[in-house]
Amino acid sequence: MPTVQAPARGWHSEAARSLCAEYGTEDPARAILAAAALLVAESGLKRPAQNLDLLASLQDILGIERIVMSDAGRLLPTPRGLVVQVNAGDTAGRQNFSACHEISHTLVPSYCAAPGARVDATTGMYGEDREEEFFCDLGASELLMPSAEFGDALAARGLTVAAISPLAEEFGASLEAAAIKCIRVAAAPAGVIVWEPKLKPTQIRDVSAPCLFGPDEIPGPPEKLRIKFACCGAGLKGHFFPRDKSIDDESLIQRSYNEGWVVCGEQELPTGRGPAAFYTESQAFDFRRGEGWERKVITLFFPAGGAAAG
Ligand SMILES: [Zn+2]
């Protein structure tokens, strides 16, 4: 009789417990990745974005509806069965990721035992403290960008910042999701940071506070490029990049933002333990936001002294 595994210390949810028991591991993250890989294998799809309805149907989901709503995604029980809804206003890559996140809920045995509504204001940004949601983000990444297929495609192109956009396109993923996947499957020690122009959280509070003077009389503080999120792959795990830390105006990252293209070279980055030098490759991208566009920079970084490895 197989041994029923319990989650390693640090995981507390019923979702973690049920995943570990089902897949015979004490690592629920590994379990959800295995579950997602099995589903992709069952579908026979090499690029699952080409037929997410097939993945959904294999999980007894009636369909994927694209509707106007404020949430990124929802999984809803109806009298006829489960339905996935994604935000029609999101980019195709984000819709695909949200659909895969909702499908991933059905890979969690504790969800299947008591299926209820799941409403995700956003997907792809859950931390480990929201255990079921975090597992579903991991599952979504594996469903949309199967590691073996993605690893082959990445190896063919080489790990450079210029590879992110074609890989995102090929797998029907967002640039940010594809960038994180590159770091997770890469053999070389590497990390990714996404920068966006914004005020410091304390400045946002100051600007929104009531003021006797109009914005023309006292101009607000200028926005700076700040860390939206960072992800370190194996080999750079000791590093931590605090959210909202800024980079100075003379940096290669700012140059990439200003010029709108790829800028490479050694650059100090703001880690949790102070500035540290890395070899960086930064590319500016214009992202759709509502009716307009906003520019962000994606930086791949590698240990200083060594250029990007394949
Ligand atoms: Zn969710």
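Me: Why is Phe-301 called buried?

Reply: In this predicted model, Phe-301 has a relative accessibility of 0%, and because buried means under 20% relative accessible area, Phe-301 counts as buried. Phe-301 has its place in strand S9, where, leaving aside residues up to four places away in sequence, it touches residues including Val-192, Ile-193, Leu-236, Phe-241, Leu-269 and Phe-278.

Me: What makes Asp-120 and Glu-133 buried?

Reply: The relative accessible area of Asp-120 is 0% and the relative accessibility of Glu-133 is 8%; since the cut-off for buried is under 20%, Asp-120 is buried, and Glu-133 counts as buried too.

Me: How do you know that these residues are donors to the zinc ion?

Reply: The zinc ion is coordinated by His-101 and His-105, each through NE2, by Asp-120 through OD, listed twice, and by Glu-133 through OE, at 2.0 to 2.5 Å. Because donors are N, O and S atoms within 2.8 Å of the metal, the atoms at 2.0 to 2.5 Å from the zinc ion qualify. Along the sequence, the spacing of the donor residues reads H-x3-H-x14-D-x12-E. The pair Asp-120 and Glu-133 links distant parts of the chain, with Asp-120 in strand S4 (residues 118–120) and Glu-133 in helix H6 (residues 131–144), 13 residues apart.

Me: Why are H1 and H6 called oblique to each other?

Reply: The axes of helix H1 (residues 14–23) and H6 come within 8 Å and cross at roughly 50°. Angles under 35 degrees count as roughly parallel and those from 65 to 115 as roughly perpendicular, so H1 and H6, which fit neither description, are oblique to each other. Their contact is made by Ala-15, Ala-16 and Leu-19 of H1 together with Glu-131, Glu-132 and Phe-135 of H6, and by class it has 4 nonpolar, no polar and 2 charged residues.

Me: What makes strand S5 and strand S9 a pair?

Reply: Strand S5 (residues 191–198) and strand S9 (residues 292–303) are joined over 5 bridges in the antiparallel sense, and because two strands pair if there are at least two bridges between them, S5 and S9 meet the requirement. Within this part of the model, Trp-195 stands opposite Val-297 in S9.

Me: Why are strand S6 and strand S7 called edge strands?

Reply: The open sheet has 5 strands in the order S6-S5-S9-S8-S7, with antiparallel pairing. Strand S6 (224–232) and strand S7 (263–271) each pair on one side only, and they are the edge strands. From one strand to the next, the twist averages 40°.

Technical notes:
Residues are numbered from 1 along each chain as its sequence is written. This is a predicted model: local features need pLDDT of at least 70, side-chain atom pairs count only at pLDDT 80 or more; totals for chains, interfaces and linings use all residues. Side-chain values use heavy atoms; hydrogens and water are left out. Donors are N, O and S atoms within 2.8 Å of the metal (3.2 Å for Na, K and Ca); water is not among the atoms, so sites may look incomplete. Helices (H or I, at least four residues) and strands (E, at least two) are DSSP runs, numbered from the N terminus. Buried means under 20% relative accessible area, exposed over 50%, partly exposed in between (1.4 Å probe, protein chains only). Axes are lines fitted to C-alpha atoms, for helices over the stretch in contact, and angles run from 0 to 180 degrees between N-to-C directions. Contact means heavy atoms within 4.5 Å. Angles under 35 degrees count as roughly parallel, over 145 as roughly antiparallel, 65 to 115 as roughly perpendicular and the rest as oblique. Ala, Val, Leu, Ile, Met, Phe, Trp, Tyr, Cys and Pro count as nonpolar, Asp, Glu, Lys and Arg as charged, and the others, Gly among them, as polar.
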